[in-house]
Every structure is written in C-alpha cells, then in structure tokens.
Amino acid sequence: MATFFCLCKFATFSNISSRTFSSFLPSKTSIYHSLSSSSATFSFTWDDAFRISQPQTATQHRSTYLQAFFHKVQLCNRAPEKQSEFLPFIIEDHVVGFIHNGFVEHLRGFGNVFIFPKDKYNGGLYGDFVSLHPMLKTAEERTSAVGYVVERLGEEHIPGIRNELYPVISSFGAQIFFSLERAAAPYFGIKVYGTQMNGYVELDGQKHLWIGKRSGTKSTYPGMLDELVAGGLPHGINCQQNLAKECEEEAGIPRSISVNAIPVGAVSYKDIDGYRYKRDVLFCYDLKLPKDFIPKNKDGEVDSFKLIPVTQVAEIIRKTQFFKANCALVIIDFLFRHGYITPEYDGYLDLLRSLRIGDCS
C-alpha cells in the first residue's frame with residue numbers, strides 16, 4: 001500500500017475549513033465522554049470492547065461512516081483558538097516552544113534562568129516572548145538550570161515528573177538546545193517525537209491487530225487501549241533503537257523480530273489543554289508478526305493483550321473512547337494504508353489531512 005507522508009505544512013486548521021470538521025463530527029454527545037485528564041480512571045473490560053465491536057455494513061452509510069473518526073482526531077487537536085494565550089519560547093532565534101501566559105508567571109521568579117524580552121526585530125515578528133538567560137550558553141548549562149526550575153515548581157505545577165529527558169529542538173534532527181523533563185514538555189510547548197507500532201497478524205486472509213490494555217496503575221491514561229508498542233523518543237536515542245527497546249519492554253518482542261518493523265510515515269497533532277500545549281509527531285511503524293507469537297509485557301505498563309480483527313478494532317475506535325486518543329490516530333492511519341478506509345467514503349481526503357495537522361518538521 002502507498003505510504004502517506006507528512007503534508008503538515010499545508011494541513012492546518014486554517015485551510016481545513018470549519019465546515020469540514022463540523023460536518024463530520026457527531027451531532028450528539030457520545031455516551032463515552034472525553035477524558036479531561038490523562039490520569040482519569042476509565043473503567044471497562046475486554047468483554048465491553050468486544051460486545052460493541054461488531055462491524056456494521058459500511059457500504060450502507062458511506063456518507064457518515066467517517067464522522068466518528070473525525071471526532072477522535074478532534075480529541076487530539078483541541079482549542080486551536082487559544083493559541084494567542086501562549087508566548088513563543090525562543091532560543092538562538094529559533095522557536096522551540098510555546099508557554100501559556102499563566103505559566104509564564106511561575107517562571108518570572110527565576111530571573112537567572114528565564115528572560116522575557118520584547119521582540120528585537122523591526123515589525124515585531126514575535127512580540128513578547130520567553131527565552132533563556134544569555135549566560136546559559138551550553139546545552140548542559142541550560143539543562144541543569146531549567147531542571148532546577150522544574151524541580152522547584154514541583155508536582156503542584158508540573159504533575160507526573162518522571163526524571164526522563166526529552167531533547168528541545170526546533171525541528172527533527174536539528175541542534176539540541178537543551179534537554180527537558182518529559183512531564184514539563186507540554187508546559188513549555190516543545191515539540192515531542194515518539195515511535196508507535198501496529199503489530200498485526202494475518203489469519204485466514206484477515207488482518208488482526210494486537211491491542212494492549214494499559215495497566216490500571218499507570219500515571220497516565222490508566223486502563224485504556226493502546227497499539228501493541230508505543231513510546232516517546234527520549235534524548236540520546238534514535239527511532240529504530242527506541243522502537244526495538246519499546247518492543248522488548250512492552251511486548252516481549254525480540255530484536256530478531258522487531259528488526260522487521262517497517263517505517264510507514266508519521267501522524268502529528270497540536271492540542272491545547274489549559275497551560276499544556278502538546279505538539280507531537282509520532283513516527284509510525286508496521287510489523288507483521290508470526291501467527292504463533294504471543295506478546296508478553298515486561299515493564300509492568302500493560303495489563304493484557306488481545307488479538308482483534310482490524311474491522312472490529314475500527315469499530316471500537318468509532319463507537320467508544322476506550323483507546324488513548326493519539327493511539328487512535330495511529331490506527332486510523334493504518335486503516336488508510338491497508339485499504340480499510342477508501343476514497344468512496346465522504347470526507348476521505350479531509351480525514352487523511354487531519355492526521356497531520358501538527359507541524360511535522
């Protein structure tokens with residue numbers, strides 16, 4: 001199948017019309033309400049998922065079939081109108097993030113770390129913005145100084161601190177200005193990258209996806225559904241290395257098998273939730289697994305796995321919010337690439353573009 005690569009430079013809310021999104025969103029509120037917090041408890045069983053996953057005859061409603069998928073995209077791209085509440089975070093003339101006006105107030109007490117200049121360019125390219133103190137010249141100095149601020153702000157202002165660092169960069173593969181605590185990433189609006197993999201099996205000519213149910217004790221999105229393997233891309237590791245590590249930890253997939261995972265493109269989104277601004281790019285992989293392979297979690301983050309026909313996985317996404325929202329996007333992309341969503345459905349191209357609304361640079 002053809003791979004659809006990032007068209008993000010052209011796929012923004014400004015050129016995907018409001019009519020497009022409103023016309024494809026459900027007219028009634030789903031009984032499965034949006035989770036307002038990543039730590040909210042959302043309780044359901046595999047039996048619940050299977051009970052509502054029987055596929056409908058899509059040919060009978062091609063004009064409305066994609067509506068629920070648009071809704072899942074919207075869950076990852078909330079509140080674009082609030083972009084104006086954020087100040088650019090600029091280092092060495094590069095925009096590396098966006099910080100909410102309210103969160104900026106927490107940073108003003110750290111004058112030896114953050115500065116808040118007016119734009120130095122004629123014409124006011126940026127207006128007010130946030131930067132780091134010019135005395136912080138190296139990545140190591142910046143990492144240490146900002147890390148001190150994050151530690152001082154603590155769980156009250158930055159919940160879920162993990163002591164895991166993400167690189168702060170203006171675009172993928174560019175210079176690393178410093179490294180930032182993972183939990184703080186959305187509060188500084190930095191671009192975050194991840195690797196996510198759909199593991200599938202072919203049985204009697206039908207594709208099945210291995211789906212994981214997150215541990216109920218996870219600090220984020222406990223008990224929700226995931227693809228087989230997913231993980232953020234931390235500092236000091238490339239995509240292939242990260243995927244192999246996550247395959248082993250999350251699903252017990254040895255490197256002799258995970259080496260066959262195929263990179264198939266990326267999805268992206270930009271989501272505003274209070275002071276948090278998530279600008280994520282997820283590199284997508286497919287891995288065809290042996291029929292006799294059974295995943296086994298090793299890091300305690302997955303409660304259980306089920307092998308489910310792709311058509312039923314699509315219905316779980318359409319009818320519920322059981323899936324972690326960004327994982328739903330990665331599976332929707334899989335549905336396009338493997339021919340489960342075709343141009344005969346109304347809204348086909350609009351939905352395809354919407355999977356890459358974020359900046360894919």
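**Exercise 1. Find what covers the buried residues of helix H5 in this predicted model.**

Step 1. Start by locating H5, which spans residues 139-157. Its buried residues are Arg 142, Ala 145, Val 146, Val 149, Val 150, Leu 153 and Gly 154.

Step 2. Now look at what lies over them. The cover includes strands E1 (86-91), E3 (114-115), E4 (131-132) and E6 (178-181), along with helices H4 (101-107) and H6 (185-188).

Step 3. While you're here, follow the path of H5. The helix has a kink of about 40°, centred on Glu 151.

**Exercise 2. Take strand E1 and work out how it is joined to E2.**

Step 1. Check how covered E1 is: six of its six residues are buried.

Step 2. Look for its partner. E1 runs antiparallel to strand E2 (residues 94-100), and six bridges join them.

Step 3. Pick out a facing pair: Ile 91 stands opposite His 94 in E2.

Step 4. Finish with the turn. E1 and E2 make a hairpin with two residues between them, and Glu 92 in that turn has a positive phi of about 50°.

**Exercise 3. Which elements give two or more residues to the largest nonpolar core?**

Step 1. Get a feel for the core first. It has 41 residues, and those with the most contacts inside it are Phe 69, Ile 211, Phe 323, Ile 341 and Leu 351.

Step 2. Go through the elements. The helices are H2 (46-51), H3 (67-75), H9 (310-319), H10 (325-337) and H11 (348-354), and the strands are E8 (206-214), E11 (262-273) and E12 (276-288). H10 gives the largest share, eight residues.

Step 3. Zoom in on Phe 323. Leaving aside neighbours within four places in sequence, Phe 323 is in contact with Ile 211, Met 224, Leu 225, Asp 226, Val 313, Ile 316, Ile 317, Ala 328 and Ile 331.

Step 4. Don't stop at one core! A second, separate core has 32 residues, including Phe 89, Phe 178, Ala 183 and Val 192.

Step 5. Grouping like this fits a general pattern: in soluble globular proteins, nonpolar side chains tend to be buried together.

**Exercise 4. Is Ser 53 buried or exposed?**

Step 1. Find Ser 53 in the loop between H2 and H3.

Step 2. Compare its relative accessible area with the cut-off. Buried means under 20%. Ser 53 has 0%, so it counts as buried.

Step 3. See what surrounds it. Not counting residues up to four places away in sequence, Ser 53 touches Gln 312, Glu 315 and Ile 316.

Step 4. Follow the side chain of Ser 53: it reaches the backbone oxygen of Phe 50 at 3.0 Å.

Key
Residues numbered from 1 in each chain as written. Predicted model: local features only at pLDDT ≥ 70, side-chain atom pairs only at ≥ 80, totals over all residues. Heavy atoms only, no water. Core = buried A, V, L, I, M, F, W, Y, C linked by side-chain atoms within 4.5 Å. Buried < 20%, exposed > 50% of the residue type's maximum accessible area, 1.4 Å probe, protein only. Helix = DSSP H or I, 4+ residues; strand = E, 2+ residues; numbered from the N terminus. Contact = heavy atoms within 4.5 Å. Bend = angle between axes of the 7 residues up to and from the residue. Pairing = 2+ DSSP bridges. Polar contact = N/O pair within 3.5 Å; in protein donor to acceptor, adjacent residues only side chain to side chain.
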